[in-house]
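Colleague: I'd like a close look at one strand and the strands it sits against. Here's the model I have open.

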Amino acid sequence: MRLGDKGKLGFTLVLVTFMILSSFIFYSANSTSVTDNKYKVVWLSVDSANYYRLYNLTIEGLLPTFRFIFENSAHGPMTVVYPSATAVNHASKATGAPPGATGIVANSIHLPGTTVTSTVSGFNGAYLIAEPIWVTADRSGLRTVVVSFPQSTPPAWSGKVSVDRTKLFNIYDAFISPVSSSTLYTNNRNIPRATYIAISDALNWKNTDRLGYVYNAWESSFRLGDSTWYLYLADLNGDNKPDKLVIVPEDKDIAKALAVLGEGEWSKPLNTTIVFRGTTYIVAPMFKLIKLDVDDFRLYRGIMRPYNTAWFNDERLAWEVWNNVIVRVGTFTDGDWFALTNGWIDVETYMETVYYTNLFFKEFTLYVLRSTKWDLLMTYTPVIDNVYHQFLGMLYSNMPYYKHDEASYYRSLIARTYMYVDEFVKGILESIDPRNTVLVITSDHGQCPVKYIVNINAILYNANLISIRGGAVALNETKAWYVSHGHIFVNLAGREDRGIVRPEEYLDVVNQVIKTLQEVRDPDTNEPVFDIILTRDQAVTLNLWGPRVGDVVIATRCGYTATGGIPTIRDSRAIVFTPAAPLRTLIADHGTILPTYRDLHGTFIAYGGPVKRGYIGVVSILNIAPTISEILGIDRPRDSTSAPLPIRIETLVIPTTITATETRIIESTATVTRTIPTTITTTLQTTTTLTRTIESTVTSIATVLATITQTSTVEKLRLDTLAVVAIIALLVGASIGFIMRKR
Ligand SMILES: [Ca+2]
Ligand SMILES: [Zn+2]
């Protein structure tokens, strides 16, 4: 197309306009944040997410939201603290302090003054000695919502934070023991650890006509707390086999049914009340009818967390959450590994419990994110951890149970779970403004495949350091005990309740424990099982100090995990090695494995606000709380020991990252074909083309260049030509802006 003089003038104007606009946009996008120092933060903890695995799945194209995040965030692998356990690393992550300072040295902590076998929960905030960031934020006048985080235990922080500013939840504390636990209602006695029911002919049921004509019917019942719930199995087509199951609390009345299910169907959350030991609880259990067969009946009920226990500090908000979220999505808070490993449910149903778990945390998070005012919002999802424990070992060809033709299926289950998390992150991104809010995503460790589960107390028993009589530990004959997560305690007189080891014998017992453990070898390969066996003094090098640290601290090599409890004894020898078995035991783990392995590395990602893009190298979990404090514009948590990560735009980033993300090839702009009116006074709706081009060039600018307005007069100019030239102009402008920014 030939351009007239008028056209040339207009063309030049467009060119100049684009140059000015684009350089301005490039410059301002990267410089406005420098003047404004405070941002809101959404902090998502994805339990067990390993950086390399997450990155590789993203590269494969399975995780569109993470792809966007990786292209636009500061990110890198994260080293974690030892023990590489969830409670330990969340405590260090929330405080910026090492385990010796947080006091959370294990998921189960042994305290002096108690019997050597006694522990308290490391997830309970009451045992967190260092200051978590929600307390720091509260005393800085910021508003925080903690949807879920280990140690966010609401009663533990009562009086230490203002309920007006700081809303704390911890759904894992909502538990009626033992009623809340999931179960399988079945008449098949071959299925272990289930709730066994009897099925008989249905008698005295009311309103059965609500189901249509019933040819034949059977019934059963089970106890839920102090209540009786009835089951009605109806044959609706005359083949003498049931077709529908009706679930009714209290009365044999179909009109009062909470659910009518066919085989393979899930119920909605059944929002109702149950009575247990005289107290009425609000619950919302979900059921799945696994098998509708009179001779082999299987009805699964998921974990049933109650509303009215101490899992929140703001009743009004919790009630809102219950009625807007939980009545829709239920209360799954982990993939149900117990149901899977006992054969109550198959792998695909297990994956449904994983899905509902992620959905629960996602919907809970998005609800409070959108309906409350906050400066810091902390949340969590356990699902990657869940599926790693069950399936990750299947991906390692050096594991004895590896099957080549099954590996890809289990790999796809892990990928599917990352896709659930991708949806969670997508929901967050759609609900925040990255100009004023930073999204931080971290994990707490990765996992190693497990070949053998090693019972440390079996080793100590076989060395005559532990005595077991009548299935119980004989404390008066026990010199040492493995508590959990690497810690072995001497049963020391004057320190342990009912301790028997005299202080002058202490070193002998410690040395005996160490010598015994050093002799342990893999039964197949004769390789050592432990990476380290340290005295309490030596464990200081792992940032473990104080009275909660074991007298001997061990870590297993990748391929093994340590367990405790009372060992199984056969022919007067305790069984040390239990082979890991897919779908029966865990086949991957963390906790007693040193964080030196790449498999154990966690993930750090920060996106939005002043945060620059690119790979930032390996970071430490101790950097996270100081980094978030810096973004929020508040002091670091009182006990934090590390500095904020240099991820702000004005700080220097490792140069290789710039090369990696900013030398992309610009794609074609041939998609715009619209004709421009005689006089252009409209907005050029070239968003798609422009955005694409810019994304390929300098990604963070993409959203800024939404629309560009110009008012020059151009006659009979086709936009495809204009667009090509405009893009060139834009890139020239971009370069100018980029150079200006770099200065
Ligand atoms: Ca039938
Ligand atoms: Zn974890």
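How many bridges are there between S2 and strand S34 (residues 619-620), and do the two pair in the parallel or the antiparallel sense?

Modeller: There are two bridges between S2 and S34, and the pairing is parallel. Before going on: this is a predicted model, so local features need pLDDT of at least 70 and side-chain atom pairs count only at pLDDT 80 or more, while totals for chains, interfaces and linings use all residues. Residues are numbered from 1 along each chain as its sequence is written, with chains lettered from A and ligands numbered from 1 in the order in which they are written.

A strand here is a DSSP run of E with at least two residues, numbered from the N terminus, and two strands pair if DSSP finds at least two bridges between them. In S34, Ser620 is the residue opposite Thr79.

S2 itself covers residues 73-79. Six of its seven residues are buried, so the strand is mostly covered (buried takes 20 or more other C-beta atoms within 10 Å of the residue's own, exposed 12 or fewer, partly exposed in between, with C-beta atoms placed from the backbone).

S34 has company. Strand S33 (residues 614-615) also pairs with S2 in the parallel sense, over two bridges, and there Gly614 faces Ala74. With strand S32 (residues 602-607), S2 pairs in the antiparallel sense over six bridges; look for His75 opposite Ile605.

If you want other pairings to hold up against that one, try the open sheet of four strands, ordered S8-S7-S17-S16, where the pairing is mixed. S8 (195-196) and S16 (287-291) are at its edges with a single partner strand each, so one side of each has no neighbour in the sheet. Within that sheet, S7 (residues 183-186) meets S17 (residues 298-301) antiparallel, over four bridges, and Tyr185 lies opposite Leu299 of S17.

Then there's a hairpin worth a click. S10 (residues 216-224) and S11 (residues 227-235) are joined antiparallel by nine bridges, with Asn216 bridging to Asp235 in S11. Two residues separate the strands of this hairpin, and Gly225 there has a positive phi near 65°. S10 also takes on strand S9 (residues 200-201), antiparallel and through two bridges; Asp201 is opposite Trp218 of S10.
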